[in-house]
Amino acid sequence: MGIVNVTPDSFSDGGRHMAVRAALEHAERLVREGATLLDVGGESTRPGALPVSADDELERVIPVVEALAAAGLPVALSVDTRKAVVAKAALAIGAHIVNDVSALEDAEMAETIAAHDAAVILMHKRGDPRTMQQGELRYDDITATVVTELERACAKARTAGIGRILVDPGIGFGKTAEHNLVLTKTLRALTRLGPVVYGASRKRFLGELTGRDVDDRERATAAINALAIMNGASILRVHDVAACLDAVKVASAVRDAKSS
C-alpha cells in the first residue's frame with residue numbers, strides 16, 4: 001500500500017504532494033514500483049498533529065481521489081480518514097477502502113462504509129494525535145490489549161453490515177518503541193480478526209533504533225516490514241515501495257518455504 005499524503009504537515013513527506021498533479025505523479029511512481037493499493041490522506045495523524053476541519057480535508061482529498069480514479073491505475077484506492085463525510089465523498093467517486101485510524105469513532109462512519117459496500121481498515125490507537133505520545137504509555141499486555149480492543153471495533157463493523165474488515169495494530173499510535181517491537185513480533189495474534197495491515201514506514205521508533213533521521217530510514221523500514229510479513233502481516237503501508245519490495249519478496253519466500 002503506497003502512501004499518498006496530501007497534507008502540509010505529515011512527519012515524513014508533508015507538503016510534497018499537495019497539488020493534484022504532484023499527487024498523481026507520485027501515485028503513478030508508486031504503482032510502477034509495485035504498489036497494488038494507494039492510500040490517500042488529507043489529515044496528518046503524526047504525534048502532536050492538530051485536527052483538520054472536514055472542509056479542509058475534503059478540499060485536499062477529493063480532487064486527488066477523483067484524479068486517481070480517472071487515471072485508471074490498476075490498484076485499489078483507500079482513503080485515510082476519521083470523518084464519515086470525507087469517506088462518503090471519496091467512496092462516491094471511486095475509493096474502495098476506508099482506512100480509519102479511529103476505528104469507527106465517528107458515529108456515521110460504519111453506516112457510510114456499509115452503504116457503499118466498501119472495505120474498512122480498523123486501527124488501534126490511544127488518545128488522539130495531539131496527545132497519544134504524551135505521558136506514561138503503559139499496557140499490562142500490549143498484544144492482548146490491542147487484540148481485545150480491535151475485536152470490539154470489528155464487532156461494531158460487522159453489526160453495521162461491513163463485510164470486509166482489515167485490522168492494523170497502530171504502530172506508533174500511543175505506544176513506545178518497545179510496544180511497537182512486541183506488536184511486530186506477535187502480529188499473528190491479530191490474524192484471527194482479519195488481514196493485518198502494518199504501517200511502520202519511517203516512524204520514530206526506527207530512528208530511535210538506528211539513529212537515522214526520518215529521510216534516512218528506508219533500510220530500517222525494509223527490515224521491519226520483512227519481519228512483519230514473516231509474522232503475519234498481509235498489507236504493508238509504505239512511503240517508498242521500491243525500497244521494501246525486494247525485502248518483502250525474500251521474507252515471503254522464506255515464510256512460504258516447504259521442506260521436501
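In the predicted model, Gly-161 adopts a positive phi of about 100° just after helix α5. The helix itself covers residues 142-160 and comprises 19 residues. From its first C-alpha to its last, α5 reaches 27 Å, close to the 27 Å expected at 1.5 Å a residue. At the opposite end from Gly-161, at the start of α5, a side-chain oxygen of Asp-141 comes to within 3.2 Å of the backbone nitrogen of Thr-143.

Thr-143 is also one of the buried residues of α5, which include Ile-142, Val-146, Val-147, Leu-150 and Cys-154. Thr-145, Ala-153 and Ala-157 are likewise buried. The buried residues of the helix pack against strands β5 (119-123) and β6 (164-168) and against helix α6.

Helix α6 spans residues 177-185 and contains Lys-185. Because its relative accessible area is 69%, Lys-185 is classed as exposed. In space, the C-alpha atoms of Lys-185 and Leu-227 are 7.7 Å apart, although 42 residues separate the two in sequence.

A buried charged side chain was examined next. Arg-237 is located in the loop between β8 (235-236) and α9 (241-256). With a relative accessibility of 17%, Arg-237 counts as buried, because the cut-off for burial is under 20%. Its side chain forms a polar contact of 2.7 Å with the side chain of Asp-39, and a further polar contact, of 3.2 Å, with the side chain of Asp-80. Beyond residues up to four places away in sequence, Arg-237 touches both of these aspartates as well as Met-1, Ile-3, Asn-5 and Asn-99. The residues that Arg-237 touches also include Tyr-198, Gly-199, Ala-200 and Ser-201.

Terms used
Residues are numbered from 1 along each chain as its sequence is written. This is a predicted model: local features need pLDDT of at least 70, side-chain atom pairs count only at pLDDT 80 or more; totals for chains, interfaces and linings use all residues. Side-chain values use heavy atoms; hydrogens and water are left out. Helices (H or I, at least four residues) and strands (E, at least two) are DSSP runs, numbered from the N terminus. Buried means under 20% relative accessible area, exposed over 50%, partly exposed in between (1.4 Å probe, protein chains only). A polar contact is a pair of N or O atoms within 3.5 Å; within protein, one must be able to donate a hydrogen and the other to accept it, and residues adjacent in sequence count only if both atoms are side-chain atoms. Contact means heavy atoms within 4.5 Å. The expected span of a helix is 1.5 Å times one less than its number of residues.
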